[in-house]
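Colleague: Please take me closely through one part of this model, and explain the terms as you go.

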Amino acid sequence: MPEAILGISAYYHDSAAAILVDGEIIAAAHEERFTRKKHDPSFPLNAAKYVLEEAGIAYNDLTAVAFYDKPYIKFERLLETYHSFVPKGLVSFLSAMPVWIKEKLFMKKMLNEELAKLGDGKVRVLFPEHHLSHAASAFYPSPYEEAAILTLDGVGEWATTTIGYGKGKDIKILRELDFPHSLGLLYSAFTYYCGFKVNSGEYKLMGLAPYGNPKAEQTKDFKRKILENLVDIKEDGSILLNMEYYDFATGLKMAKDKKWEQILGIPIRKPESTLTGEYMNLALAIQMITEEVVLRLSNTTQELTKAKNIVLAGGVALNCVSNGKLLKSGIFDDIWIQPAAGDAGGALGAAYAAWHIWMGKERKIVTGKDAMKGAYLGPEFSDSDIVKVARRNNARFHYFESDDQLYDKISDILAEGNVVGWFQGRMEYGPRALGNRSIIGDARNPEMQKKMNLKIKYREGFRPFAPSVIEEEIQEYFELDRQSPYMLLVVPVNEARKNPEPEGYNDLEMYDRLYHLRSDIPSITHIDYSARVQSVNREVNPRYWHLINKFKQKTGYGLLVNTSFNVRGEPIVCSPEDGYRCFMRTEMDYLVLGNYLFDKKEQEKIKDDTNWQEEFELD
Amino acid sequence: MEFLKDLWGFLKERKKFWLLPLIVILLLFGVLIVFTSGSAIAPFIYTLF
């Protein structure tokens with residue numbers, strides 16, 4: 001009988017479920033993809049049902065369920081924090097406590113009630129620590145026998161940063177930085193101040209940073225003021241936040257706006273208001289500081305572990321710009337980042353911790369290969385599911401018997417400048433679409449970024465897009481000498497591809513800079529001539545690889561623009577129905593579900609469709 | 001009663017007995033809340049809670 005562990009992350013943000021069977025990852029998925037509610041924090045009932053079904057395991061036959069943190073220690077942190085700040089924080093205290101007293105303190109009971117919906121057996125429930133779950137999610141599926149481990153996020157129980165060392169089946173946590181001193185919360189405070197949503201807008205801040213002018217006095221001034229007043233960075237990468245300026249420990253927001261305004265000289269930006277140069281410079285300043293902290297921490301990690309390789313997880317590990325800098329620094333020979341680095345990945349990490357630490361099971365590594373199966377760990381749908389969706393929506397489609405003919409047709413469509421919804425196989429685990437739930441286009445097309453941002457995704461015009469490049473061609477386009485399968489490294493575009501900068505480039509208005517043709521692949525070349533690369537491996541995702549390769553045979557370019565298949569505020573599509581609806585609601589030109597091609601010009605409008613802008617809250 | 005057992009186990013394990021009075025008061029609070037109000041709604045900010 002196989003031994004299976006169900007991992008669960010829930011009740012804070014991005015709930016998810018994952019399953020390990022005899023130590024192998026069989027399935028993992030975010031709850032938001034099923035409920036269609038972005039960052040859904042509720043118990044992942046749908047995701048758990050799905051992973052059990054995918055594994056063919058009945059709930060009652062599970063060896064254990066692993067929850068990704070320790071609720072009592074989180075409660076301890078909460079009480080001690082309020083106690084140490086008293087009498088400040090009364091409002092926050094009164095808001096938080098009812099939730100805890102009614103729900104979270106009884107989490108075990110709540111969890112058991114939810115788990116009872118999956119089966120009536122008594123299964124052992126384990127609670128590995130939050131950062132141990134992150135560390136396990138980073139180390140165990142990595143391709144290394146031994147590695148240094150760095151986890152960075154907002155906060156778990158107490159820890160906000162940990163340095164660890166993994167070898168074989170063992171993980172040792174060597175250093176820990178505790179709440180409230182947190183790099184994740186520092187970044188979130190700036191996300192808040194720049195007018196983006198905390199906990200989802202951090203990647204917008206990262207995308208905004210390159211618009212800042214690194215040579216501007218204002219940027220240097222921001223950096224200096226931040227370091228003098230808001231955060232003290234120590235030589236080893238530890239940070240101390242000056243809590244006089246933050247409100248997250250005792251208030252209901254991230255920063256004390258008035259105090260920040262006095263220091264920085266600019267007011268808090270109103271959400272959705274015009275982005276001006278000062279916020280770009282501020283975003284750049286905090287991005288530079290974040291990179292500095294990550295590099296110092298990495299140096300400390302190397303000194304402590306003497307390891308050649310490092311693995312990363314935690315929300316800050318999704319900062320692919322700092323990941324790129326870490327790789328370039330050469331502190332470690334290689335780095336590997338858990339694709340579901342945020343809290344959703346905690347589900348997988350908790351399951352791994354239960355398997356290797358609690359059960360003491362040995363680890364099997366395939367050299368040079370990670371265990372994530374390309375992060376294609378979610379549900380897939382059959383041809384008959386697709387046909388049902390088409391019938392239900394009275395949709396017209398073309399079916400391709402041969403995959404080759406499909407690739408041939410779609411590569412033509414892409415080369416003509418069309419935008420295609422590409423829906424294939426199993427859904428991705430983690431926040432990135434990696435070619436199975438993607439919207440794709442021609443990277444050479446100078447209009448593509450504008451079209452995708454404004455007419456397809458309905459999101460801010462400044463947001464960058466990432467390329468999917470076949471692995472064999474990476475060095476043709478980018479200064480990168482290895483794979484980047486999970487789109488978690490930002491690297492420079494090759495010098496030879498770049499067009500010269502116009503005079504005073506950094507002083508141009510945002511959109512003048514944005515629409516300057518920076519390279520021969522302009523739609524994926526960010527404003528600072530960088531790109532967030534996803535390399536596509538022929539064995540891991542053969543369909544996507546063949547499509548890009550066909551495109552290369554026709555155009556000479558072995559890469560495409562890849563963005564997640566959703567509109568702003570919507571979770572990435574999960575089912576063919578979600579895909580068809582998203583296709584019909586946007587100005588996407590074509591949709592490919594498996595081997596079925598849908599042309600927008602041939603479709604009738606969806607009857608009784610709701611307005612998606614009302615359905616999905618802006619992120 | 002499993003909750004009380006777990007809570008005691010937690011205080012013992014973490015050697016945080018000084019939190020006990022706070023928790024008792026909070027639980028009394030909790031009883032009040034349960035009997036007097038509807039749902040407890042989490043504040044909208046970063047979910048540190």
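Modeller: Two strands are said to pair if DSSP finds at least two bridges between them. Strands (E, at least two residues) and helices (H or I, at least four) are DSSP runs, numbered from the N terminus. The model is predicted, so that local features need pLDDT of at least 70, side-chain atom pairs count only at pLDDT 80 or more, and totals for chains, interfaces and linings use all residues. Residues are numbered from 1 along each chain as its sequence is written, chains are lettered from A and ligands numbered from 1 in the order in which they are written, and side-chain values use heavy atoms, without hydrogens or water.

The part I have chosen is an open sheet of chain A, whose five strands follow the order 8-7-6-11-12 with mixed pairing. Strand 8 (170-178) and strand 12 (334-337) of chain A form its edges, each pairing on one side only. From one strand to the next, the twist averages 20°, where axes are lines fitted to C-alpha atoms (for helices, over the stretch in contact) and angles between N-to-C directions run from 0 to 180 degrees.

Within this sheet, strand 6 (residues 146-152) and strand 7 (residues 159-167) of chain A run antiparallel and are joined by seven bridges. In one of the pairs between strands, A:Leu150 has A:Ile163, in strand 7 of chain A, as its bridge partner.

At the other edge, helix 12 (residues 320-329) of chain A lies across strand 11 (309-313) and strand 12 of chain A, contact meaning heavy atoms within 4.5 Å. Helix 12 of chain A runs at about 160° to strand 12 of chain A.
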